[in-house]
Amino acid sequence: MPKDISISDQESQQELEKLRQIILGQDNQLITDAVNKKARGIVSDVITEAFHDRQKKDDSIKKVLLPIVENSVEHSVTHHSDRLISSLYPLMGSLVRKSVGAFLTNFIEKTNQLIEHSFTIKGLKWRFKAWQAGVSFTQYVVSQTYNYRVEHIFLIHQETGLLLKAVNLDQQSQNDAELISSMLTAINDFVGDSFQLDENGVKEQLQTVSTDSFNLLIKPGPSAIIVAAVTGTPPQAVNEQLQLTLEEVHHLYQQEFNQFNGDNALFENVDTQLNDCLLTEEKPEKASNQKKPWFAWLMIVLAILFAGFKTLNWYQLNTLHQQIMAIDHEAGIVVKNLDVHSKHLISLDLMRDPNALSVQNWFELQQIPFENVVLKERRFYSLSPVIIKQRVDKLSANFPDLNFDWLHEELILTGNIDFIKYQQLTAKLETLGINPSEVNRQNLTIMSSDVLAQSNTINQQIFKDLVGKISTIQLSFTSGDDQVNQAMESDLLQLKQQFLYLSSLANKLNKKVGLIIMGSSDNTGNTSMNNALSLKRAENTAIALTKLGLDREQIFVTGLGQINIKDVKNTARKVMFNIIYIDDTAT
Amino acid sequence: MIQKKICLLGASSVGKTSLVKQFVEGIFNEKYLTSIGVKVDKKVVNVAQQAVQLMLWDIEGYDRYNVFQDKYLRGAAAYIIVVDQTRSTSLIEGLEIHSLAQKANNVPAILAINKSDLQANWHLEDSKTIQYQTLFNAHFNTSAKNGSNVEEMFQAIAALTLQEQ
Ligand SMILES: Nc1nc2c(ncn2[C@@H]2O[C@H](COP(=O)(O)OP(=O)(O)O)[C@@H](O)[C@H]2O)c(=O)[nH]1
Ligand SMILES: [Mg+2]
């Protein structure tokens, strides 16, 4: 203990020396100038000692010097601020400049926690709000409620680190305040020791310990340390208040400090002074804070309503989607893509047969508003029976003499038709998607055209067309079979009509015509058998045609046997037709 | 309430931290011991109907420069030198620290001969070591493991600090 006192004595001596230099000038120049020249020598010899002795005796030097010092310091601050700041700065900024390691953070966290625990019902409310806002509790307190808030003030005995008195903003006793005080002192000792003396010989001390949202302000005095635990960023005013209070406490409790033996009962009433330091600054817009829960509840209600609306909307859109999608079942319409973004934005991409119901009509029929539909329509040729029937209906207008009837999917033609018209009709039916061979023509009579009425060139052209058409007809046989069957009937019927027409044209054009029927076979079995089979196929075809009314005299039958062409030789079971025609003039 | 600062000193691994742990339940992380070389815990004991709050400073024996950390001794009302009865070197080190501590802060001191639950390697009552008894205000054979004499020792040191006033 004696050692410590002498150390702090030394320190104050050093400080006094510095002050002297600033105030009195180098070698007390200012003082000596002010004194009588004769006295100068005498006084200068003893002045230092005299000051010391007198101060020791009745403490009066301090009283005398204090106003002078204050004035001088004030003067210095205005005129030599650089000098002052450079000697004060190491004290102030020590912690900022030098990191004391992770334990400080841990320490703050610990204290933080304690502060958090110290909140009562108010704390719970804040906790809820912090949770609502999704930030940490401390952060919330700092950012939403206060610019800063001094939570605790500790008055700590400098020498022992024992807590003399603690006051709290929320009138609640702080159980661990003694421990925090001691630890703080220990840390302060540690920091002071680590930093050693600075170039001015002043021991650095911890002044602040800070995290983002929390600050410990530490003001050391000769007998006691005052520590403020502050949430938020304290302004300079807090520092000043701490300094004032520290000085006041030292002034009032000098006696008690000297007597202190660990019993903090001596400092029971110091809270009067310490309470001055429990400064807070609330954010001005506190009123809006109170509205916050309402706002939050409103948001929640809105969110629920919004979700409900969304669900309903989704359901409605889904239903609409299904309704519109039904257009896909409409004949001659194929939906490629449908997006129901909203009731007011529907994009529909489809393919539509020109004969199909128009999209707009369909929407009108379904009573779905069409004006919100962005339609992308492409044409296509539908083979849907409904559409084919519609097409045939349209076509039938061109053939007023014929009846077009439907038995299920089968088209029945009734009436009399000129051959050329019949040719046009079959060609048309084919383009409409109807195979002419599937048309029921039993009640259809095809009459020879009045070929004479046509010009030679036209007849010549029709003649060549017919020759070509006849040669495209082929009958297919199954393996080993030579019988003309039902499936070949319509081809043969067509052939018969074409050949009859051809014959009449040939007459007109002075030509002689004959029908050549060629049978073929695949290469299974031996050659002679195949020759015979192919011939038999051709002959049977000829018989069938004669039955239909062709003149056997005009038909030549031949069997080609196997067709030794690489790609067809295995499947060439056919009967083919060709026309031989000879110009009469050539004979 | 009366509070007293008590320091625990001694070579490393003698059981200082364990003794405090046996005696109190603290709030601070052991990390402080390694980072700043000290951890403070507290415990209230009653001495003749007088409550005393002990602030127990558990101090790591030596810092990394092998210098005794006398700064933490400042303001202590008493201290405990802890030694390990299974290691005679711990007694030598403890005595060394004791003499340094006396120079820094001449206050009452107690010798805690710890790990009494283990086989002893030396005895304070031995002719060679009996003289060291006089250097301390009291001595206790303690065990941080089974708690033997721990309460008594802290009780005694509390009483010592009150006598000293
Ligand atoms: N058996 C036994 N082991 C102990 C006792 N006290 C401490 N120890 C062990 O000794 C080791 C060092 O103890 P610690 O308290 O860290 O010593 P410190 O360095 O002096 O703080 C640990 O493994 C403890 O479990 C004791 O009384 N009995
Ligand atoms: Mg330890």
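Helices here are DSSP runs of H or I with at least four residues, strands are runs of E with at least two, and both are numbered from the N terminus. With that in hand, ligand 1 is an easy place to start: helix α1 (residues 16-23) of chain B gives the largest share of its shell, three residues.

A bit of bookkeeping. This is a predicted model, so local features need pLDDT of at least 70 and side-chain atom pairs count only at pLDDT 80 or more, while totals for chains, interfaces and linings use all residues. Residues are numbered from 1 along each chain as its sequence is written, and side-chain values use heavy atoms, with hydrogens and water left out.

Back to the ligand. Its surroundings hold 15 residues, and Ser13(B), Thr17(B), Ser18(B), Asp117(B) and Ala144(B) come nearest (near means a heavy atom within 4 Å). The side chain of Ser18(B) puts an N or O atom 2.5 Å from a ligand oxygen, and a backbone N or O atom of Lys16(B) sits 2.8 Å from an oxygen of ligand 1. Taken alone, ligand 1 exposes 580 Å², and the protein buries 71% of that (Shrake-Rupley areas, 1.4 Å probe; for residues, only the protein chains shown count as cover).

Now for chain A, which has 19 helices and 16 strands. Of its 587 residues, 41% are buried; that label means under 20% relative accessible area, with exposed over 50% and partly exposed in between (1.4 Å probe, protein chains only).

Over all chains there are twelve salt bridges, each a side-chain nitrogen of Lys or Arg within 4 Å of a carboxyl oxygen of Asp or Glu. Three of them:

| Pair | N to O distance |
|---|---|
| Lys165(A) and Glu268(A) | 3.2 Å |
| Asp522(A) and Arg573(A) | 2.5 Å |
| Arg87(B) and Asp84(B) | 3.5 Å |

Lys165(A) lies in strand β2 (residues 163-168) and Glu268(A) in the loop between α11 (254-259) and α12 (271-274), so this pair ties together parts 103 residues apart in sequence. Lys165(A) counts as buried at 15% relative accessibility, whereas Glu268(A) is partly exposed at 43%.

What about Asp522(A), buried or exposed? It is buried, at 4% relative accessible area, and its partner Arg573(A) counts as buried too, at 19%.

In chain B, Asp84(B) is buried at 2% and Arg87(B) partly exposed at 27%. Those two and Lys115(B) are linked in a network of salt bridges.

Technical notes: Chains are lettered from A and ligands numbered from 1 in the order in which they are written. A polar contact is a pair of N or O atoms within 3.5 Å; within protein, one must be able to donate a hydrogen and the other to accept it, and residues adjacent in sequence count only if both atoms are side-chain atoms.
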